[in-house]
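User: Can you walk me through this structure? I'd like the overall picture, then the aromatic pairs.

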Amino acid sequence: MNYSFSFIYKADGKVKKTDLTNTPDFSVQTKNENKLTTLTLKPKREIEFIKFEMSMPFKFNSSQRIFTNGYQSWTVSKEYSPNSSMDEFNPRIMGIEKRKVNPLGIWGAGDLTFHKYPEKAGVFYGYSYGYVRNGSELFLLGSLSEKAGYTIITFNSSAETIVIEKDLEGVSFKNDTLVLSLAVLKGEYNAVFDEYFEMMNIPKPRVERKCGYTTWYNYYTNVTQDIVSRDLDAISKLNTKIDIFQIDDGYERTVGDWLETDKNKFPNGMKDAADKIHKRGMLAGLWLAPFAVTLKSHIYKQHKDWLVCDKNGKHHYASHNWGGFYALDIYNKEVRTYLQKVFDTVLNIWGYDMVKLDFLYACSIIPIHGKSRGEIMCDAMELLRKLCGDKIILGCGVPLAPAFGKVDFCRIGADVGLCWENKAFSREDVSTQNTLTNTVFRRHLDGRAFLNDPDVFLLRDNNIKMPLSKRKIVAQVNSLCGNLLFVSDDVSTYTDEQKRIFIDTITAPKAVINNAEFIKDKIIKIDYTLNGINKNFVFDLSTGQKI
């Protein structure tokens, strides 16, 4: 490969700029071998990078499609035509000055606080891996590790370049460091992704396709013990096997105080709830945001020294949810001891079999302790796997590459909405259309990195703003491309048709996806094989109509 470089860095108190790989301050050793490009940084004195980029020429044409993997679980991830644009969620386009974007706002869950958003057509960027597709053939670039820092890949069809950037903010380099290991692969779609994950040595998922129920998308934080008992009773009476019953946000006193149950909502406590789920023959699941603490929490009031702080010692907001929340510093020994107690209680004393771990990005919202965002996130996922042992982890709100092989299931799209229309205000916001898009275009992760959680499908008639025809599309796409099939309905209200759709959806064998793409603007076609028969499913993403 013919690469060029661009570096901006600090050394000896000065900011310097160069395109050379050998300078008086450092050298970069480049090695290209066996479809792998590696960059090893060799500092000659202590050095910090403001920009670390490697670029290569690439010829784009209008028939190709470009895939970019979004920053985290919820971020829009899809294929683009080379002459299109990523502008739909640009704050400038939405009439918002980017200088006014702050971590407490809706963008706190995304990357706009540390990465510039493209402002012109033909420029597309994503994290860890991405590809250019020509028919069924891929040209894929993929990082084998984000431990040094996030790998940001930008496809620029106007400049005819692909730029690979490392997010090394906050890191001072004194010793030789392997900064980048980049797979450069060509071939058929599935073969390329098989090879990519083999190169990363990611173990195959140890769990199988599962179905179940979660409280969130009907009751949100208003969930109670009585609601759980009622819906548990209803779903256990269906004439089919249900694997998991999960209690979501709302059971705890406030986010962060996980071991303090809201006694008004759950007077018998969370062990009692898990016991009742087990008596119905299901696995018990519980939601936590383990790195998040609200201003109402005892953790925040009593242990402010546990929180992520910026370089000036100021506590750093993670995002706007729950009135704004802070993140725990995972390198604090007392934090680790506290988290160990939380997980030991939830998994071993209360007896939950699965934890849905949400808002995980929060711990790496800024670089801390001389570590990059990518290193922090990788360390956090290793910590969570250790704390959970062999219990099932459903990851959510997490940058995906650090979660590869560390979680059993993982959300790969935004929260589904109660309406079809796209009212999202950011690339991470609630949106039925966006989560369906991610379900289709991140399908290559399923069975390789983990099993994909496409989020819930909803069949009920109450507390929802889309007709059954559109609800059926969500169910169909989830069944085709996902492997965790959850509802959030009181199934006792189902009609016979709704019961049939539900059972058909969760009992259908996993389809083999042969191809999936936009065949026209907003029209998605999925070609698949099910029970040895080739089929296709076509729908209009904008209108919610099956075609």
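Analyst: Below are the overall figures, then the aromatic rings. This is a predicted model, where local features need pLDDT of at least 70, side-chain atom pairs count only at pLDDT 80 or more, and totals for chains, interfaces and linings use all residues. Residues are numbered from 1 along each chain as its sequence is written, and side-chain values use heavy atoms, with hydrogens and water left out.

User: What radius of gyration does the protein have?

Analyst: The protein has 23 Å, which agrees with the value near 24 Å for a compact globule of 547 residues. That radius is taken over C-alpha atoms, and the globule rule is 2.2 Å times the number of residues to the power 0.38.

User: And how much of the protein is buried?

Analyst: Buried residues are 61% of the 547; buried means under 20% relative accessible area, with a 1.4 Å probe and protein chains only.

User: Switching topic: how many aromatic pairs are there?

Analyst: The structure holds 46. Rings of Phe, Tyr and Trp (its six-membered ring) pair if their centres lie within 6.5 Å; planes under 30 degrees apart count as stacked, over 60 as edge-to-face and the rest as tilted. One of them is Tyr 213 with Phe 245: the centres are 4.3 Å apart and the planes at 20°, so this pair is stacked.

User: Where do Tyr 213 and Phe 245 lie?

Analyst: Tyr 213 is in strand β15 (residues 210-214) and Phe 245 in strand β16 (residues 244-247), so the pair ties together parts 32 residues apart in sequence. Strands are DSSP runs (E, at least two), numbered from the N terminus. Tyr 213 has 0% relative accessibility and counts as buried.

Conventions. Buried < 20%, exposed > 50% of the residue type's maximum accessible area, 1.4 Å probe, protein only. Helix = DSSP H or I, 4+ residues; strand = E, 2+ residues; numbered from the N terminus.
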